[in-house]
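I opened my notebook to look up two things, the contact between the chains and the pairing of charged side chains, and I set down below what I found.

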Amino acid sequence: MAAPLTLLLIVAVTIRAVLFRSSWAELISERVEVVSPLNAWKRVVEGLALLDLGVSPYSGDVFHETPFMIYLFHFVVDYAEIVFMVTDGITAVALYLSIQTYNKNVFRKQKYALESDRYPADCLELLRSPKEMFYIPLKVAMFYLLNPFTILSCVAKSTCGLNNAIIALFILCTLKGSALLSGILLALATYQSIYPLTLFAPALLFFLQRLYIPVNLRRSSFWFFTLQYAFIYVGSLVVITGLSFFLLGSWDFIPSVYGFIFSVPDLTPNIGLFWYFFAEMFEHFRLFFICVFQINVFFYTIPLSIKLKEHPVFLIFMQIAIISIFKSYPTVGDVALYMAFLPAWSHLYRFLRNIFLVSCVLLACSALFPVLWHLWIYAGSANSNFYYAITLLFNFGQVKSLNLISHFT
Amino acid sequence: MGLLSDPNRRKALTGLLTRLNTPICIVCYLAGIVWFMGLAFEPFTLRTYMSENAMGSTMVEERFSSGERALSLAKEFDAHKRQARGMPVEWLVKAMQSRGLEVFTQSFSRKLPFPDENKERYMVRGTNVYGILRAPRAPRTEALVITAPCSPGNTNNQAVALLLALAQYFRNQIYWAKDIIFLVNEHDLIGTQAWLEGYHHTNITGMEYSPLQGRAGSIQAALSLELSSDVITSLDLVLEGLNGQLPNLDLANLFYAFCQKLGVLCTIQGKLQRNDWDTAEGYTHAAQTMMLMVLKQACGRSWGDHGLFLRYHIEAASVRGINSFRHYKTDATTIGRLLEGMVRKLNNLLERLHQSYFFYLLPSLSRFVSIGYYMPAFGLLAVILLLRVSFPGLCHCFSVSLQPSSPGVLTVLTPVVISHLTGVALYLLPVHLQEMAVEHFPVSETEAVVLTAIAIYTAGLALPHNTQRLLSGEGTEQGWKVLKLTALLYLAVLLGCTALINFSLGFILAVTLVPITASITPHMPKALYAVVMVLLSPAFTILYCVFIYQELIEAPVSVSEGWMLFLSVISQGILDHALYGSLVYPLLALFIYPCWLMFWNILFWN
C-alpha cells in the first residue's frame, strides 16, 4: 500500500504548493473561518518579531501560541510552507497507520467471535472481509489530505495543522499500544490547546481493553494502571510546562495561552458558538456563561465514556468531534480532523438515514459562509445575525451528523 | 425530527413526494413566475417613506439662484474642453480655486485588456480634478461627494458648470457639518475608480494612479450629476451599481421628496409614474419599469458614475437630466435647488444611511418591493431543485453510492472536472489568446476576444464527456443519477449564493435553468432536448435579455442588430470584470457554465 499512499501524498503536496504560489494564499490566510486568534500565522510572525526584539512575545495580547511553537518557528520560519505541508503529510500517514492497526484489531476480534459462534445469523451481512477493509486506511488518508478544509488550513499556514498532527500521532501511539508515548503525546496535545484533556478517558479505556483489565472501580489492577497512565500524562505535562518556563524565563504564557482559551476575550467572528453570545452579553453575567460554555465541552466525556467503554476508538472520534464543535475558537482545520475518520465505519452507512440531508446542510453552509461575510462586512447590507445564523446552522449540522453517527454503536 | 424518524410517516411522505413530484414542481415554477410578475401590482407594493430620522424633519428653503451663471460657465467649459482636446485641467483648477476650494489633481492610466469598441479607447490616460470645501466650524471627519463627469463632445458641460456654481454658493454658507468634495472625473468610470482607489488606499483593479494629495475624511454619501442641456423636462434617478448593489432606499426617497417639493418631474428607468394601477396599461407600465431594473441589476455593470462608490459602503446615486418633448421645462436654477436641498439633508446625517432597505425593487419611484416580498419568488424556484434532489430514487442512489464497492463517486468526478476545466478555459483563454487570434484571422482584438469566448462555449457542447467508459465499463444507470444529484445540489447552492448577492441575476438564471435541469434524463428524445437545452443555456439567456431590454426601452432592434449588441455585451462584461471587478463574467464562466455542461453531459450519458 506504499505506492498509492505515496501517490496521494504527491498529489496533496502539489495542490498545496500550487495554492501557496498563487494569489489566493493571502486571501485564504485572512478568512476568519480558517484562522482564529489562536492559530493565525500573522500572529506567529508577530510573536517571532517581538522575540527577536528581546521583548516577551506575550506582551500586547497578540500572540497566543505556546513557547514550544515559538521556538520551533524560530528555527524554521524560512521554510514555513514546507513545514506545514510535511505536517499534513505526517498527520495523514499517522491516520493511515492507526486505521490499519484498528482494522487489524477489529478483524481479529471478528474472527474470534465468528469462531466462537457469537454472531446471530442475520448479522452475517455486516461482517467485513479483508478485501473490503483493504482500502479503508488509504481512504482515511485521502479524506484528510484532499479535504478542502485541510487544504485551506494548510495554505493559510494555520498552526491548527500542527495540533492535528500531534493528535494524530497520539492516536497512532495509543492504537499501537505504547502507553508511554501515548501519554507524552497527549500531554503535548493538551499543552497546545487544553481541550485534548478529554482524550485521556478514551485512551485509558483503550489500554485497559488491550491489557484485558476490566473496568471495575473495585479492582486494584484498574487503579494500578490508571495511576500509571495518569502519572505518565501528568508528569509529561509538568515537565513540558516547566521546560516552557525555562525557555522563555517567565510564566507569561499561562495567562496568554490558557487564560485566553478559557476566558475568550477576543470576539472575532469564527465558525464557533462563543463570539456572538459574548458580544451581546452584559459584563455581570460573563463569568457565569464562560463557565457554562466551557463545562459544555468537557461534560460529555463522562456519559460518553460510560456508554462507549467497549469502543474506545469510536469514543476518541466522538471526543475529537465534540471538541471541534464546542471549543472556544474552532476553525475548519479542526472539523477536517474528525471528518477524516468517517471512512473507517463505511460499512455502517446504510444505517444513516438522514445523513444526506445533514451533509447537504453542511455543504450549503460552507458555501454560504463567505457570501454572508461579504454581505456583512463589505456590502454593509447584512449584519452579524446573518453570519451567526449560518454558524449556528453549520454547528447544528455537525451535531446532527454526530447524533446520526452515534447510532453506529 | 419526528417526521423523519417515524418510519410510517416517512413512508407516507416519501410516497407523496414520489407520486406528486412533477405536478408540484410545475406548480412551484408557475407560482414563482406569477409571484414575481405580481410584485409590480400596486396593492402588493408599499409606498416609500423616509426611514432615517436625521433626514426627515428639517425642510428649509433653498436659495440657490445662479442657474444662469451656470449656463454661461457651461459654454466657457465647452470652449476650453475643445481647446484642450480632453479635460481642461488648468481652467478647472483655476475655477475651483477662485471659488475658495482646496483643489488637487490626480493623474491615472490604465491599459485595457483589449480595445473597448463602444467608447473607442484602449490606452487610457487622464486626470481627475477635485476641490474640497472645508466645513467652516466642524471637525473634518466626514465628507460628501458631488461628482460630474467630463465627457468628450457636447455632453455633461452643464453638469460640470452646475457643480462649479453650486460650489460657489455652498462656499458662502455656514451650516456645513461635513466637508464637500466636488469631483470632475475624466473617462467616466475609470476615472472614478482611480479616484476611489486613491482615496481609500486600495488597489483592486491594477490601475496606476498618482496618490491623492488632499483628503477629507470618511465619505458618507455621493451624488453624481449628468446634465447635457440647458433646460430639462425630467430628472432620471439611476440606482443600479456594480454587481447589482443598490444604495440605501433612503437616497431614492430623498430624491423623490425633493422632486415633489420643487415640482420637478422625476422618472426611474426613464419611465414616468402612472396613477392608473387598476388598468392593464398601468400594470404593464409598472411591470416594465420593474423588469428594466431587474435586467440592469442582473448585468452587474454600474449604470452611472455612482456605482463604484457602493463598494466602499458609500451610498451613492446618479441624477440624470433628460430633455424630451414635454411642455413643462425645468431650468438649471431648480436643479441647483434640488441638489442643494439633497446635500443639505445629507449634511444632517449623524451616521451612514442604514435605516432603510438595501435590497429592493422599484416598480415606480414612490413604490417599492422589499426583499421579504421578492425572495419567495426565487425560493419557489429553488424549491423545485430541492424537490428533485429529494426524489427518492436519487436519494437512494446517494446512500448506495457511499458503499465501498460501487464506482459511483469516481464516475462522477470525470465529467465534473472536465466541465470545470472548460469553464476555466472560457474564463482565461479569450483575453490571453487575442494576439494569436488577430495574427491568424482578419478580426480586430475585441472581435477576437468575443468570438473566442463564443467558440469555446460552443466547443464545450461538442466535447464528448463519456470518458467514464474508459474507467469502468458502460455509462451506468447509477452513474447519471449520481451526476444529476451532484449537479442539482451544486446548482441549488450556486443560485442561492448568487441570489443573496444579486437577486436579479439569480432569478433570471433560475427561470431559465431550473425547468430543464430538473427534468433532464438521458432517456428523453435527445435531439429535441438538446435544442431546448441550448436555447435555455446561459449565452442564450443573455441574448434574450438583450432583446427584452431593447423592447422595454422602446427601441426594438432587428435580429442582426441584436446580435451585434449581444457581442458588445459580452465584450463589456469581460471589460467590466477586468476594469472594475464585476463578478458576472467570472460567475457565468467558472460556475454557471460548468454546471450547465454537467447537465448537458447527463443528456448524452449513453
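I began with the area buried between chain A and chain B in this predicted model, which comes to about 2,000 Å², with carbon and sulfur atoms giving 72% of that area. On the side of chain A, I noted that A:Arg353, A:Phe356 and A:Ser381 lose the most area to chain B, together 26% of what that side buries. Helix H19 (residues 355-378) of chain A supplies the largest share of the side that touches chain B, namely 13 residues, and by residue class I find that this side divides into 13 nonpolar, five polar and four charged. For contacts, I listed 22 residues of chain A against 21 residues of chain B.

I then looked for charged and polar pairing across the interface, and the rule finds zero salt bridges there, while the count of residue pairs in polar contact, both at pLDDT 80 or more, is also zero.

Over all chains, however, I see that the structure holds 19 salt bridges. One of them joins B:Asp188 and B:Lys119, with the closest N and O atoms 4.0 Å apart. I recorded that B:Asp188 lies in helix H6 (residues 188-200) and B:Lys119 in the loop between strand E2 (102-116) and strand E3 (121-133) of chain B, so the pair ties together parts 69 residues apart in sequence. Both ends are partly exposed, B:Asp188 at a relative accessible area of 22% and B:Lys119 at 37%.

I also looked up B:Asp276 and B:Arg274, whose side chains meet in a salt bridge at 2.9 Å, N to O. Last, I noted that shared partners join B:Asp116, B:Lys119, B:Arg121 and B:Asp188 into one network of salt bridges.

Technical notes:
Residues are numbered from 1 along each chain as its sequence is written. Chains are lettered from A and ligands numbered from 1 in the order in which they are written. This is a predicted model: local features need pLDDT of at least 70, side-chain atom pairs count only at pLDDT 80 or more; totals for chains, interfaces and linings use all residues. Side-chain values use heavy atoms; hydrogens and water are left out. Contact means heavy atoms within 4.5 Å. Buried area is the accessible area (1.4 Å probe) that two parts lose on being put together, summed over both. A polar contact is a pair of N or O atoms within 3.5 Å; within protein, one must be able to donate a hydrogen and the other to accept it, and residues adjacent in sequence count only if both atoms are side-chain atoms. Helices (H or I, at least four residues) and strands (E, at least two) are DSSP runs, numbered from the N terminus. Ala, Val, Leu, Ile, Met, Phe, Trp, Tyr, Cys and Pro count as nonpolar, Asp, Glu, Lys and Arg as charged, and the others, Gly among them, as polar. Buried means under 20% relative accessible area, exposed over 50%, partly exposed in between (1.4 Å probe, protein chains only).
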